[in-house]
Amino acid sequence: MSGRMRLTQQEADPVGAITAYPIVTIGAVLAFSLAVAMTWVHWGEVGSPIAAVLALLLVAAAGIIAAVSATPARAPFPVERLWLVVTLSVGAAIAEYVSSIGNNRFLYDDFGPAVIGLLILSLAPFCTWVSAAMAGVLSAAVLSILVFGAAAYTASDAPVAALIAVNSAPVLSMSAAAAGYSYGIISETLAWQREANRAALHRDAELRAGIARSVQQGRVSVLGREVLPFLAGVMTADRISVADADRARELAEALRRALRAGIESTWLDDLAANVRLSRGIDTIIDDPTGAAADLSADQRSALTALISWLGDAERSQLIRVAFTNEGEDGERGAITLVTDVGAAAPTRRELDRFVAVARAVALRADSALTRENVTVELSYDID
Amino acid sequence: MTLGLPGHLARESSSRALANAGHWAAFACLGIAAILGIVMATIGGETRSWPAVALVGIMVVLLAFVVRFPSVTLTVAYLVVGTGVVCVLTVLVMEPGSVFTTTNNSVLALPRIALILVGGAGSGSVIAVVWATLGFGLGEAAMFLGVALVGGTYAPSTATTLAFALVVIARVFDGVTRRPDMRRETGLHRASQQTRELAIRHDIELRATARLHDTALSHLVAIAAAGSGPVDERLRLGIRQDLGLIVGRDWASDHAAEAVTRPATGAPRGRRSRGDGRPPWGGRSTQATDAVRADSSRRIDGTTPDDEAPSLTNAFSAAANAGLEVRVTGDVAVLGTLGPARAAALDAAVAQCLINVARHAGVDQAELAIGLGGGEVTVAVMDSGAGFDEREVPPDRIGLRTSIRARIEQERGTVRLWSTKGIGTTIVLTVPEGGE
């Protein structure tokens with residue numbers, strides 16, 4: 001339950017949120033169009049054109065902020081931005097109220113509640129279901145105060161409570177839809193993740209057995225080809241020669257070196273070797289302290305996806321990945337990934353997708369794209 | 001652990017999430033409609049609002065059923081009943097003398113929007129748009145009929161049309177953008193699996209290297225230190241034992257036989273071959289060597305594999321080779337409850353424990369306690385030797401621990417170790433019954 005309350009779709013399913021971000025622009029355009037149309041429709045009730053224009057400007061500002069903040073290049077969407085958008089759109093509703101104060105015969109044609117609801121709804125992939133619901137309820141509460149002021153001038157003689165209920169309906173129903181979407185998609189994602197983790201654990205056992213067998217024929221058997229035959233030879237011999245003793249010394253040193261290299265290397269070196277072997281792209285890892293081993297599973301996946309993608313389809317000729325420490329006490333790790341662009345250079349839009357994914361897994365990420373190089377800088381806190 | 005939804009699930013999940021959004025909004029609309037009815041009936045004094053509240057209540061119940069059991073029958077039932085409710089509500093709201101001049105008002109919009117947001121049976125954008133269109137069309141028809149009955153003015157509902165447009169926009173957007181291409185290109189799931197595999201491979205390689213290092217290094221150092229001269233028998237036995245532990249008995253037997261017949265391959269310079277076809281470790285015949293090659297499960301220590309019941313043969317043989325006297329309490333036959341691979345892993349781990357005792361404890365006696373209980377086989381290896389502090393074990397000796405732990409943990413067992421300097425060491429190995 002807590003996961004569902006804390007997570008946004010952008011955090012749980014970053015690619016899904018990247019796919020969804022244009023809906024925010026669509027929502028913002030719809031909200032602005034609705035505001036303009038409604039203002040035009042009840043222009044006869046507008047007593048203060050300045051307030052009416054201000055209301056439209058506030059709607060536009062809220063929409064622009066929502067649309068810009070949701071772009072993948074600016075991921076992750078901070079919750080404060082939701083509140084800023086809601087505040088601006090509530091401001092627009094207040095300005096609209098001021099613009100028609102004393103003349104507003106029907107609350108039904110006010111755009112304030114619908115605009116707030118629309119913007120909250122379009123931001124559903126970027127906020128938790130709780131924040132979407134809270135934004136709706138709090139906005140409705142503020143709008144209710146306006147209804148008290150407007151009630152005296154409306155054509156209806158219904159109780160104020162009834163007017164409040166009617167006036168809150170657009171914002172409450174659309175924020176309920178936003179909360180429902182956020183809750184639904186997070187539940188689906190978490191359920192899949194639980195299933196995937198269970199399957200992965202099961203697969204790990206099989207994988208271990210398979211890898212253990214292949215390792216026998218891999219790196220270890222390279223050592224084995226040298227060391228074990230030698231020992232087997234000594235075992236079968238009657239005497240040890242001086243050459244044997246020298247050879248034993250050499251092999252002991254080689255063995256120590258191999259273990260040291262094994263301890264100092266990480267999964268990232270193996271990934272680089274994979275990219276080199278399978279795609280023929282030189283991939284250089286500069287990780288003297290083995291910092292790659294400290295990355296979380298999701299951070300590793302994001303980095304693996306990025307390196308694999310850059311190493312694929314002639315996007316790069318050379319990939320260099322360097323790990324360094326930042327901050328006064330080295331409390332922040334930095335990963336700088338620089339590639340020499342290949343025949344099919346990646347686009348900024350494609351790169352932003354990976355930057356957004358990296359940001360979703362607690363990596364600060366920035367990217368730069370020139371004709372020659374792609375640079376992605378990632379940083380993370382070291383516990 | 002995994003980043004987001006995979007391509008094949010994203011579409012359906014997104015569709016269900018959108019349906020969920022519609023349901024929450026529909027409940028909100030119906031809830032507000034019910035509250036409105038109650039306010040009008042109580043504060044407003046309009047008692048005819050009570051039937052309206054009851055009708056909205058029926059819609060809430062039916063919608064809850066559709067959410068819980070999204071079948072075609074229930075969806076159709078909800079739409080049909082909802083249409084009736086909208087018709088009756090239109091009659092109630094648009095009665096002569098009503099404050100509303102046309103049907104384009106917020107009160108009638110609430111149940112109508114709840115009709116559009118039915119979600120309905122099945123998933124996918126097209127089906128959802130079909131259900132929403134049905135909800136919109138039926139609601140419009142019901143409203144038209146209702147207003148015709150009471151003689152009011154019909155006007156299409158702006159709010160309802162907007163809500164319908166929103167549903168269509170959301171569904172069309174979802175249908176157009178949820179192509180799996182982007183997910184496939186980003187390859188997060190493939191990356192996640194690859195990362196996992198890389199980590200496992202790295203771990204296994206490191207363990208294997210460490211094991212090789214830990215076991216073989218002491219022999220290499222001993223050979224280097226010995227200089228030229230006859231091979232010490234103890235060294236020979238130690239190598240034979242460890243080769244069996246590192247790479248399996250078949251490798252040692254095969255390879256040693258190769259070393260005999262093909263001295264140039266793999267063997268160091270100056271290596272001599274006996275050339276008589278005799279295996280090097282005990283004067284066995286050529287036939288025996290062939291038999292070893294033919295049946296890789298046979299042991300290299302000269303015993304025949306007649307007795308297939310699992311036992312601690314390797315461990316006892318290791319102890320004997322190392323000159324260690326082992327006192328056994330309990331019944332070795334309990335190993336019969338283990339699968340051959342698990343029993344062999346336990347045997348190898350116990351052998352490594354005993355070799356450790358012989359090498360490091362400074363005693364020539366060890367005690368072995370074997371037991372079966374709670375679905376587990378437990379073997380305790382105890383000595384009254386030097387003992388050690390695990391934290392002080394040099395890092396380059398991690399292989400010994402991993403070679404014991406790795407074997408046992410791979411069989412889902414546990415290794416517990418107690419050691420005190422000057423008092424001794426106890427290692428308890430536990431593996432569950434069964435296994436391969």
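**Figure 1. A:Ala55 and its surroundings in helix H5 of chain A.** In this predicted model, A:Ala55 sits in helix H5 of chain A, which runs over residues 49-69. With a relative accessible area of 1%, A:Ala55 counts as buried. Setting aside neighbours within four places in sequence, the residues in contact with A:Ala55 are A:Ala92, A:Ala95, A:Glu96 and A:Phe111. You can also look for A:Ser89 here: A:Ala55 and A:Ser89 are 34 residues apart in sequence, and their C-alpha atoms are 8.3 Å apart in space.

**Figure 2. A:Ser175 in helix H9 of chain A, with helix H7.** A:Ser175 belongs to helix H9 of chain A, residues 160-217. A:Ser175 is buried because its relative accessible area is 2%, below the 20% cut-off for that class. Apart from neighbours within four places in sequence, A:Ser175 is in contact with A:Ile120, A:Ala132 and A:Gly136. One of these, A:Ile120, is among the buried residues of H7(A). Helix H7 of chain A covers residues 112-122, and ten of its eleven residues are buried, so the rest of the structure largely encloses this helix. Those buried residues are A:Gly112, A:Pro113, A:Ala114, A:Val115, A:Ile116, A:Gly117, A:Leu118, A:Leu119, A:Ile120 and A:Ser122.

**Figure 3. A salt bridge within helix H11 of chain A.** A:Arg249 and A:Asp246 form a salt bridge, and their closest N and O atoms are 3.1 Å apart. Both residues lie in helix H11 of chain A (residues 242-264), three residues apart, or about one turn of the helix. An α-helix has 3.6 residues a turn, so residues three or four places apart point the same way. A:Arg249 is partly exposed, at 45% relative accessible area, and A:Asp246 is likewise partly exposed, at 36%.

**Figure 4. A salt bridge between strands E3 and E4 of chain A.** Here A:Arg320 pairs with A:Asp340 in a salt bridge, with 3.6 Å between the closest N and O atoms. This pair links distant parts of the chain: A:Arg320 is in strand E3 (residues 316-326) and A:Asp340 is in strand E4 (residues 332-341), 20 residues apart. A:Arg320 is partly exposed, with a relative accessible area of 33%. A:Asp340 is partly exposed too, with a value of 22%.

**Figure 5. A salt bridge within helix H14 of chain A.** The partners in this view are A:Asp352 and A:Arg348, which form a salt bridge with their closest N and O atoms 3.6 Å apart. They are four residues apart in helix H14 of chain A (residues 348-360), about one turn of the helix. A:Asp352 is buried, at 12% relative accessible area, whereas A:Arg348 is partly exposed, at 36%.

**Figure 6. A salt-bridge network with members from chain A and chain B.** Salt bridges with shared partners join A:Glu188, B:Glu12 and B:Arg16 into one network. Within this network, the side chains of A:Glu188 and B:Arg16 meet in a salt bridge, with an N to O distance of 2.6 Å. The count of salt bridges between chain A and chain B is one, while a search over all chains of the structure finds 15. As for the wider interface, 110 residues of chain A and 99 residues of chain B take part in the contact. The area buried between the two chains is about 9,400 Å², and carbon and sulfur atoms give 71% of that area.

**Figure 7. A nonpolar surface patch on chain B.** B:Val126, B:Val130, B:Leu134 and B:Leu138 form a nonpolar patch on the surface, and together they have about 330 Å² of accessible area. B:Leu134 lies in helix H5 of chain B, residues 125-150. B:Leu134 counts as partly exposed because its relative accessibility is 38%, a value that falls between the 20% and 50% cut-offs. For context, chain B exposes about 18,900 Å², with 60% of it supplied by carbon and sulfur atoms.

**Figure 8. Helix H6 of chain B.** Helix H6 of chain B has 20 residues (158-177) and, at 1.5 Å a residue, should span 28 Å; its end C-alpha atoms are 28 Å apart, in agreement. The buried residues of H6(B) are B:Thr160, B:Ala163, B:Phe164, B:Val167, B:Arg171, B:Phe173, B:Asp174 and B:Thr177. Chain B has 14 helices and six strands, and 48% of its 436 residues are buried.

How values were computed. Residues are numbered from 1 along each chain as its sequence is written. Chains are lettered from A and ligands numbered from 1 in the order in which they are written. This is a predicted model: local features need pLDDT of at least 70, side-chain atom pairs count only at pLDDT 80 or more; totals for chains, interfaces and linings use all residues. Side-chain values use heavy atoms; hydrogens and water are left out. Patches are made of residues with over 30% relative accessible area and no salt bridge: like charges are joined within 9 Å, nonpolar side chains (Val, Leu, Ile, Met, Phe, Trp, Tyr) within 5 Å. Accessible areas come from the Shrake-Rupley method with a 1.4 Å probe; for residues, only the protein chains shown count as cover. A salt bridge is a side-chain nitrogen of Lys or Arg within 4 Å of a carboxyl oxygen of Asp or Glu. Helices (H or I, at least four residues) and strands (E, at least two) are DSSP runs, numbered from the N terminus. Buried means under 20% relative accessible area, exposed over 50%, partly exposed in between (1.4 Å probe, protein chains only). The expected span of a helix is 1.5 Å times one less than its number of residues. Contact means heavy atoms within 4.5 Å. Buried area is the accessible area (1.4 Å probe) that two parts lose on being put together, summed over both.
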